[in-house]
Amino acid sequence: PKFEEVTGYSMSEVTGKKPSIIKSGKMPATLYKDMWDTIKADNVWNGELINKKRNGDFYWANTFISSITDKEGNVSHYVGLAEDITHKKEIEEELIIAKEHAEESDRLKTAFLQNMSHEIRTPMNAIMGFSKLMILEYNNKEKLDEYSQIINHSCSDLLEITNGIIDIAKIETSQLSFNFDEC
């Protein structure tokens, strides 16, 4: 009954037919060769197969196949046990995709932080350097004005970078929205 439920075939449709009736064509021929070599040698074969239902849909099956021998030790039949693992495979695929997205996000975050580190250090170095020079040049009004303008410009750059970082964080947490108007 479970075979009928999973594959959509009735017992009368498959009785006397070869197992290839559910073969999907998506598995490599070498897999089937290995399978037959294994079970003909009176060993148990186990593997995951993509099979095809009566309606043409595909499903994954974790399959065990073994030979049955007669009194003389000759293979008389084969018996297979299969578990439908389609849902498990779908979840695995979703997890792989999620892992790849997480790894890509991590790479982007690292690149972003490296870039931000550079962008923040540049104006900070200017602020620190020129504030130290102001101490040394406290008697030279022209130099103090020049250094003060550089510090002011560097502070503006830093503020712009900081505001950009905050805006990105707001966008990622859906705290900032955009209104698009046609121009």
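Helix α4 spans residues 86–136 and contains E94. The model described here is predicted.

**Charge on helix α4**

E94 belongs to a surface patch of negative charge, whose other members are E90, E93 and E100. With a relative accessible area of 54%, E94 is exposed, because the cut-off for that class is over 50%.

Two salt bridges are found within helix α4. One joins the side chains of K89 and E92, with an N to O distance of 3.8 Å. These two residues are 3 apart in the helix, which places about one helical turn between them. K89 is buried, its relative accessible area being 19%, a value that falls in this class because buried means under 20%. Its partner E92 is partly exposed, at 31%. The pair does not stand alone: E48, K89 and E92 are linked in a network of salt bridges.

The other bridge is formed by K99 and E103, whose closest N and O atoms are 2.8 Å apart. Both residues lie in helix α4, and their spacing of 4 residues is about one turn of the helix. K99 counts as exposed, with 51% relative accessibility, whereas E103 counts as partly exposed, with 34%.

**A bridge between separate elements**

The whole structure holds 9 salt bridges. Among them is the pair of R54 and E13, whose side chains meet at 2.6 Å, N to O. R54 sits in the loop between β1 and β2 (58–69), while E13 sits in helix α2 (residues 11–14), so this bridge ties together parts 41 residues apart in sequence. E13 is partly exposed, at 25% relative accessibility. Side chains of opposite charge can pair when their charged atoms come close.

The three bridges described above are listed here.

| Salt bridge | N to O distance |
|---|---|
| R54 and E13 | 2.6 Å |
| K89 and E92 | 3.8 Å |
| K99 and E103 | 2.8 Å |

**The nonpolar core**

In soluble globular proteins, nonpolar side chains tend to be buried together. In this model the largest nonpolar core consists of 9 residues, namely M27, L31, Y32, M35, I39, W45, L49, I50 and I65. Helix α3 (29–40) and strand β1 (45–52) each contribute at least two residues to this core. The greatest contribution is that of α3, which supplies 4 residues.

**Nonpolar surface and a backbone feature**

Helix α3 also contains W36. This tryptophan is part of a nonpolar patch on the surface, together with V75 and Y78. The accessible area of the three residues together is about 250 Å². W36 itself is partly exposed, with a relative accessible area of 32%.

The loop between α3 and β1 includes D42. Although D42 is not a glycine, its phi is positive, at about 65°. D42 counts as partly exposed, with 44% relative accessibility.

**Recap by element**

Helix α3 gives the most to the largest nonpolar core, and W36 of the nonpolar surface patch is found in this helix. Helix α4 contains E94, a member of the negative patch, as well as the bridged pairs K89 with E92 and K99 with E103. Helix α2 is tied to the loop between β1 and β2 through E13 and R54.

Notes. Residues numbered from 1 in each chain as written. Predicted model: local features only at pLDDT ≥ 70, side-chain atom pairs only at ≥ 80, totals over all residues. Heavy atoms only, no water. Patch = residues over 30% accessible without salt bridge, like charges linked within 9 Å, V, L, I, M, F, W, Y side chains within 5 Å. Areas by Shrake-Rupley, 256 points an atom, 1.4 Å probe, with all protein chains shown as cover. Salt bridge = Lys/Arg side-chain N within 4 Å of Asp/Glu carboxyl O. Lys, Arg positive; Asp, Glu negative; His and termini not counted. Charge placed at Lys NZ, Arg CZ, Asp CG, Glu CD. Buried < 20%, exposed > 50% of the residue type's maximum accessible area, 1.4 Å probe, protein only. Core = buried A, V, L, I, M, F, W, Y, C linked by side-chain atoms within 4.5 Å.
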